[in-house]
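Got your viewer open and a selection box ready? Let's walk through this one stop by stop.

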Amino acid sequence: MSPRSLAKRCTLAFAGALILYSACETPEHKEERIARMYCGYCHAFPHPELLDRSTWEKSVLPLMAFHMGSTDTDIVGTINPADLDYVLASLPARPMASAEDWELITDYYLSRAPDSLAVEHPPITDTLTSFRPHPLRNSFEPYVTLLHYDTGRKELYAGTRLMKLFTFGASLRPVDSVRLESPPSWMTRTNEGLSVTAMGIMDPNDRPEGQVLRITDDTKILTVIDSIKRPVFFEQCDLNGDRLDDYVVCAFGNYTGNLSVYESKDGAWIEHTLATTPGARKTITRDFDHDGRPDIMALFAQGDERIVLYRNNGDFTFDDRTLLRFSPVDGTSYFEVADMNGDGHPDILVTNGDNADYSMIVKPYHGVTIYENDGENNFFRKWSYPMAGASMAMARDFDNDGDADIAAISFFPDFEKAPDRGFLYFENTGDYHFITRKASYSTLARWLVMEVADYDADGDLDIVLGANNFRGLGAGPEQYNEWMRHKTPVLFLENRLDSQP
């Protein structure tokens with residue numbers, strides 16, 4: 001379904017719902033009913049208390065009006081002219097809400113929103129000592145966009161905003177580098193070389209300038225798929241059993257985007273679109289329903305934030321089922337699946353903390369959360385830890401005791417009140433109890449990406465952090481100057497399990 005068709009469907013649904021209006025309801029109930037009808041149909045309903053009144057008034061409500069077809073807002077002026085046609089084509093042909101309804105929506109949020117949000121950071125008394133930091137200083141600019149470890153070749157790859165892809169061998173010695181035409185976001189290695197997604201433009205945009213590339217072992221760069229809107233992740237997998245790898249590509253975009261499967265057929269690529277909404281962030285492809293065909297679990301992290309399971313019916317047809325849905329201001333940023341309680345069923349580990357859009361305030365509901373699987377792929381919130389600006393978490397058995405611990409990073413920590421929580425470690429002690437530890441070296445940079453592997457081949461898992469030292473976005477000149485003084489693009493955390501008492 002096209003974005004325009006989706007908008008039309010939403011408009012018709014609203015028109016039908018208006019017929020149900022009850023003349024006897026109170027003004028307060030009418031405000032809430034209208035707000036829920038418009039603001040809870042195409043994504044989870046955002047409650048007024050999630051943001052302060054000023055943020056609703058100056059940022060989020062104008063954006064909501066724009067998404068609902070009103071172009072008489074300052075939002076239009078913030079859009080790059082090169083993106084404007086793509087964005088306007090995705091909007092309803094006319095405003096979805098009447099002037100009266102929009103006034104009710106505005107009153108609902110502004111009358112109920114708090115003056116400010118209360119944010120508390122739980123005290124952390126434990127220091128992480130089981131990892132020894134090895135900063136990779138001054139090797140290249142600290143604007144890392146991807147980290148990937150090749151277990152076969154024992155090489156670490158680091159991509160950058162400045163369009164370079166570096167290769168590091170043993171002891172983090174540089175081996176090679178190649179320059180691309182745009183910043184890389186993800187990569188894998190196959191027998192044919194490296195497969196890489198290049199974003200086209202890293203900053204939020206809607207231009208179809210991204211690509212899937214293949215880099216041969218002699219560094220030739222070949223375009224596999226082009227005209228993708230800001231691809232941030234992909235997987236290669238044989239989805240139809242023909243022994244040829246297909247591509248699952250997350251086109252994040254900004255106002256527009258999609259999740260697509262590209263079928264390999266007769267030397268060409270045939271696109272099968274699974275979703276036409278922006279924000280496709282990451283997929284995990286495996287046989288979740290045990291029918292012999294790989295399914296796709298996908299995270300969408302923009303607007304309608306959700307995790308969806310696409311069950312593979314064969315011949316590139318899928319049934320979709322929303323497993324989890326989040327508020328559009330949650331800033332859902334990453335997910336993994338891991339058996340966190342040892343019952344044999346994959347649970348879901350989620351971070352929410354993206355804070356770079358229209359509500360750039362520290363939020364008390366940002367953090368790391370585990371959703372437990374009941375055995376039927378129904379998921380329920382089981383454990384959560386507040387972590388301002390959480391951007392990524394990985395569940396692995398770091399201490400080799402048979403259960404999954406968690407390493408997490410934040411790109412938007414509370415730089416004013418808790419700047420030392422850019423990296424946290426959670427030791428699993430069983431039954432969803434974790435010991436939280438922090439480390440002083442977490443302030444060396446602003447961490448955007450992370451990779452886990454037994455880099456030194458000593459039988460335990462190490463951690464690699466990648467810095468993307470953006471100025472601003474919550475960080476003041478003091479933090480930025482400190483980052484640039486250290487200039488640490490990659491921090492290797494050596495697991496010292498073998499040397500622990």
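What follows is a short tour of helices, sheets, rings and a few backbone oddities.

This is a predicted model, in which local features need pLDDT of at least 70 and side-chain atom pairs count only at pLDDT 80 or more, while totals for chains, interfaces and linings use all residues. Residues are numbered from 1 along each chain as its sequence is written, and side-chain values use heavy atoms, with hydrogens and water left out.

**Stop 1: a helix pair**

Select 27-39 and 99-112: these are helices H2 and H6, packed at about 105° with their axes 8 Å apart. Helices (H or I, at least four residues) and strands (E, at least two) are DSSP runs, numbered from the N terminus. The axes are lines fitted to C-alpha atoms, for helices over the stretch in contact, and angles run from 0 to 180 degrees between N-to-C directions. H2 and H6 are therefore roughly perpendicular (65 to 115 degrees; under 35 is roughly parallel, over 145 roughly antiparallel, the rest oblique).

Now show side chains. On the H2 side the contact (heavy atoms within 4.5 Å) includes Ile-34, Ala-35 and Tyr-38, and on the H6 side Leu-104, Ile-105 and Tyr-108 are among the residues met. By class, the contact has eight nonpolar, one polar and eight charged residues. Here Ala, Val, Leu, Ile, Met, Phe, Trp, Tyr, Cys and Pro count as nonpolar, Asp, Glu, Lys and Arg as charged, and the others, Gly among them, as polar.

Keep Tyr-108 selected and add Phe-45, Trp-56 and Tyr-109: ring pairs link these four into a cluster. Rings of Phe, Tyr and Trp (its six-membered ring) pair if their centres lie within 6.5 Å; planes under 30 degrees apart count as stacked, over 60 as edge-to-face and the rest as tilted.

**Stop 2: the four-stranded sheet**

Next comes an open, antiparallel sheet in the order E3-E4-E5-E6. Strands pair if DSSP finds at least two bridges between them. E3 (144-150) and E6 (174-179) each have a single partner strand, so one side of each is left without a neighbour in the sheet. The twist averages 15° from one strand to the next.

Zoom in on E5 (164-168), which pairs with E6 over five bridges. Phe-166 has Ser-177 in E6 as its bridge partner. In the five-residue stretch between these hairpin strands, pick Ser-171, with a positive phi near 60°.

**Stop 3: the five-stranded sheet**

This open sheet runs E1-E26-E25-E24-E23, with mixed pairing. Its edges are E1 (126-127) and E23 (390-396). Select 423-430 and 433-438 to see E25 and E26, antiparallel and joined by six bridges; Leu-424 is partnered with Lys-438.

**Stop 4: an aromatic pair**

The whole structure has 23 aromatic pairs. One of them is Tyr-247 with Trp-269, edge-to-face at 5.0 Å centre to centre and 70° between the planes. Tyr-247 sits in E12 and Trp-269 in E14, so the pair ties together parts 22 residues apart in sequence.

Buried or exposed? Tyr-247 counts as buried at 1% relative accessibility, while Trp-269 is partly exposed at 27%. Buried means under 20% relative accessible area, exposed over 50%, partly exposed in between (1.4 Å probe, protein chains only).

**Stop 5: two more positive phis**

Most residues other than glycine have a negative phi. Leu-473 has a positive one near 50°, in the loop between E28 and H7. Past H7, in the loop before E29, is Lys-487, with a positive phi of about 50°. Leu-473 is partly exposed at 31%, and Lys-487 is partly exposed at 23%.
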